[in-house]
Amino acid sequence: MTDIALSPQTRATALAALEREEVDVLVVGGGVVGAGCALDAVTRGLSVGLVEARDFASGTSSRSSKLIHGGLRYLEMLDFALVREALRERGLILQRLAPHLARPVPFLYPLKHRFWERLYAGTGVQLYDLMATASGGLPRHRNLSRRQALRVCPALKKDSLVGALQYWDAQVDDARHTMFLARTAAAYGAHVANRTKVVGFLREGERVTGVRVHDLEHDRTFEIRAQQVVNATGVWTDDTQALIGERGQFHVRASKGIHLVVPRDRIQSKTGLIMRTASSVLFVIPWGRHWIIGTTDTDWSLDKAHPAASSTDIDYLLSQVNQALATPLERSDVQGVYAGLRPLLSGESDSTSQLSREHTVGSPVPGLVVVAGGKYTTYRVMARDAIDAAVHGLGRSVPRSCTERVPLLGAEGYTALWNRRRVLAEESGLHVARVEHLLGRYGSLVHEVLALVQADPDLGKPLEGAEDHLRAEITYAAAHEGARHIEDALTRRTRISIETFDRGVAAAPMVADLMGDILDWSEDQRQREVDNYRLRVEAELASQEQPDDETADATRLGAPDVLPLQLS
């Protein structure tokens, strides 16, 4: 394996190769499942392409609760197989596959009733621990008195609990993790390209033999031939299937979940929180210098690319969390808001909370595999099952999946570098807190970022408008991580769009200059990128003042989508 950057040059090379040569497997969709499919296929020795219409993780895979977990509520539904599978994947991600990106998180579950609730909930959490024993790596749960609970979470109302349980799960920056999957696949030889939209399928009789794609960056259309095509487009599954006039064997419904981001000092706690609501559960999740509060679970049938959070959604989450907080949160405390769509396999129930989080793989026509459903934590299993189906269609002997033993780029050597973080700080001239921040985003690839700073000390300065990040991170995003537009850098390579009160608007001009130097943008292109991003933020903020989904959706769609800037 060679460390291949997702650079502008490698994107061009990948597209040229895909246009020229038939591949064994072409994956459509650059979310976590699609990127996982590409990595699974290429590490079996297959020739592989991966195309994504927008940006890696630009849909559901950048808008989750950022949790890697078994799902306690699925345990309550007696879905033991799903929980066991997810806990095993949690252990793999934490210990082997992505220790640089995932980290343990404690959660407090406040108890409101004496005796029976502690027995009921405690039994469930104990079973959760036991099922995770094989994967190990996290502390066991513990029972807390009310006094002990308030010591670790002073923010709670004293009369809102009689005691608590504390247990551990894990979290990951979903967008960066997905990008690392795609980049690792590229390092093993996959041809990877974002901003490459499938606009049609190629067929010979009943068989699918490839796709027709539109390179959105250069406004050109061409064909890619493949022995097997994998549709891993999540909530767009039905739309993609419609391109060949085939809905498939199952139907995917979208469920909207919104999250609020508030500064860390607004909630005094050393632990995350999980609380019951009337319809689901509510998480308060530590996220660096912030908290993530979520989520909702409502049916969504409007625009899939830009799901909008309404004022009603925001007020609902605030009202739910404020039931437990001694000092209520206000709208002015909300620093960021994001909305995502879960791809749920449609069932008989009208409630999205009752739809299946299990995944399904099917082959509706020869040459085409469809994978849908599932949850972020089990992406690797979904990818394995999808590529198993594709291999069956290839009709030849192919090695079994090995991704449970394939660490992502940045994982190897991460622990040793973390132990040497003070030495790295001295050598680079950066504060140790900066080095820790970089290690948690790049792992052992941190040396590539530090090399940029060594070559140009200005890149070691804070980014104007988002001082938690270095300028080098934006340069690196464009040069090594496939970022093509300001939105990619501010929303997914970093989380500036939800971690600053102005949603990244102040940082946009400098981001445009840093990215423009890598992507060879003209002054006019740089200004258009800044204007485009500002309009997007204005539309999102306006949509969050609307009373319902319909008006919020219409308002959000008032901003233009990212347009190609480098036509040729």
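**Strand β4, a buried arginine and a nonpolar surface patch**

Strand β4 (residues 102-111) is mostly covered, with eight of its ten residues buried (under 20% relative accessible area, where over 50% is exposed and in between is partly exposed; 1.4 Å probe, protein chains only). The model is predicted, so that local features need pLDDT of at least 70 and side-chain atom pairs count only at pLDDT 80 or more, whereas totals for chains, interfaces and linings use all residues. Residues are numbered from 1 along each chain as its sequence is written, and side-chain values use heavy atoms, with hydrogens and water left out.

Strands (E, at least two residues) and helices (H or I, at least four) are DSSP runs numbered from the N terminus, and two strands pair if DSSP finds at least two bridges between them. Strand β4 runs antiparallel to β6 (residues 163-172), to which it is joined by ten bridges, and V105 stands opposite D169 of β6. With β12 (residues 272-276), β4 shares two bridges in a parallel arrangement, in which L108 has L273 as its bridge partner.

R492, located in helix α16 (residues 486-493), is buried, with a relative accessible area of 3%. Its side chain makes polar contacts (pairs of N or O atoms within 3.5 Å, of which one must be able to donate a hydrogen and the other to accept it; residues adjacent in sequence count only if both atoms are side-chain atoms) with the side chain of D55 at 2.7 Å and with that of D488 at 2.8 Å.

F80, which lies in helix α4 (residues 80-97), is partly exposed, with a relative accessible area of 33%.
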